[in-house]
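Biologist: Please take a close look at a single part of this model and describe how it is set within the chain. I would be grateful if each term were given with its cut-offs.

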Amino acid sequence: MELGESLFFDARLSMNGQISCASCHVPGRGFADGRSLAMGLEEVDRRTPSLLNVRLNRWFGWDGAGDSLWAQSVRPMLDSREMGMTVAGVASLVAADPEFSCRYRRAFGTPPSTADDDGVIVNVAKALAAFQETLLSGRTTFDDFRDALAKGNRAAVARYPVAAQRGAKLFVGKGRCNLCHFGPNFTNGEFEEIGIPHYTKARGVDWGRAQGIKLMLANRFNRLSRYNDDPRGVSAESSRHVALAWRNYGEFKIPSLRNAGSNAPYMHNGHLATLSDVVRHYSELDLSRLHLGPDLVDGDGAAIDPGVSTLLKPLHLEEQEISDLVAFLRTLDEKRPRPWRASERKPCRS
């Protein structure tokens with residue numbers, strides 16, 4: 001973890017020596033950056049997601065191209081638009097720096113060897129992942145309300161804002177938000193198309209999950225590779241059985257709603273500026289924008305009309321209902337965001 005933390009904040013992991021992981025995943029911004037589109041060596045065509053609670057994910061990145069947090073951590077280092085490094089460049093940096101080399105040896109039992117560049121960058125990514133797994137969000141007003149309900153504490157329940165209570169009922173009722181956003185992290189961890197434009201200046205159409213599946217299967221650092229620490233391969237079960245389907249085109253990761261109020265803008269490309277815009281999008285959903293493929297069938301095996309979604313429907317919310325849902329979502333923000341401070345470390349000695 002100490003090695004990962006040091007690497008996370010070191011700009012030498014980028015080609016120009018000016019961009020670190022923390023340049024986009026800023027501690028004071030919930031380990032995001034608040035931009036519509038991420039900016040590395042060039043502007044990227046997707047938004048920087050928060051790293052808070054990232055350890056709870058099953059797939060990583062907006063398209064799920066990472067089947068582990070360490071596999072995902074390799075990608076920005078090598079992406080020419082983000083940090084732009086090479087595998088050999090990362091390995092050389094870690095081997096040449098006395099502190100990195102010492103901490104690497106302590107973490108993995110052997111010194112970093114430039115004769116095995118791939119092995120070094122994988123271990124660097126695993127160290128980065130170990131640090132990221134420590135990044136957890138704090139308690140929310142909703143957590144207090146949930147616990148008060150469980151304990152039957154009526155006085156504490158009454159302290160939860162009335163508008164938020166109405167919004168909570170909409171969330172699991174008319175809004176049907178809980179079909180995708182459920183569990184302690186308020187997400188099912190999967191992918192959905194929700195009618196957000198996904199054309200980019202850089203690459204044309206961004207096909208999201210479909211592209212992510214192809215990249216994951218082609219990635220020599222995925223869980224199916226020899227770099228997986230799980231000798232039984234249990235952790236690679238999802239990777240082994242994932243299959244590209246027509247419906248995956250245009251799907252993007254369903255994000256956690258924790259800290260949603262402080263994580264604007266929204267959607268994979270920052271298309272929506274406010275929580276009200278997000279709720280209104282679902283209220284006025286244009287089904288004709290959904291990309292439904294010919295392999296979608298109903299329970300009897302009959303093809304579903306391409307203009308009909310089996311999950312998403314326009315909610316047709318009143319303005320007060322939109323306001324109430326937003327009030328509820330804001331209670332999923334940390335009550336007191338914890339300021340992140342770097343660990344105090346003594347110089348490493350082998």
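Modeller: Asn53 is buried, with a relative accessible area of 8%; buried means under 20% relative accessible area, exposed over 50% and partly exposed in between, with a 1.4 Å probe and protein chains only. This is a predicted model, in which local features need pLDDT of at least 70 and side-chain atom pairs count only at pLDDT 80 or more, while totals for chains, interfaces and linings use all residues. Residues are numbered from 1 along each chain as its sequence is written, and side-chain values use heavy atoms, with hydrogens and water left out.

Asn53 belongs to the loop between α2 and α3; helices (H or I, at least four residues) and strands (E, at least two) are DSSP runs numbered from the N terminus. The phi of Asn53 is near 65°, a positive value in a residue other than glycine. Most residues other than glycine have a negative phi, and most peptide bonds are trans.

The loop that holds Asn53 ends at α3. Eight of the ten residues of α3 are buried, so this helix is largely enclosed by the rest of the structure. The buried residues are Leu69, Trp70, Ala71, Gln72, Ser73, Val74, Pro76 and Met77. Their cover includes α4 and α6, where contact means heavy atoms within 4.5 Å.

Trp70 and Met77 also appear in the largest nonpolar core, which has 38 residues; together with Leu7, Phe8 and Val124, they touch the most other members. Such a core is a set of buried Ala, Val, Leu, Ile, Met, Phe, Trp, Tyr and Cys residues joined through side-chain atoms within 4.5 Å. At least two of its residues come from each of α1 (2–8), α2 (21–24), α3 (69–78), α4 (87–96), α5 (98–108) and α6 (117–132). The greatest contribution is that of α6, with nine residues. Leaving aside residues up to four places away in sequence, Val124 touches Leu7, Met77, Val90 and Val94. Apart from this core lies another, of 33 residues, including Phe171, Leu257, Tyr266 and Leu285.

A second asparagine deserves mention beside Asn53. Asn259 has a phi near 65°, again positive in a residue other than glycine, and at 9% relative accessibility it counts as buried. Asn259 is in the loop between β4 and α12, and Pro265 lies in the loop between β4 (252–253) and α12 (275–283). A cis peptide bond joins Ala264 and Pro265, with omega about -5°.
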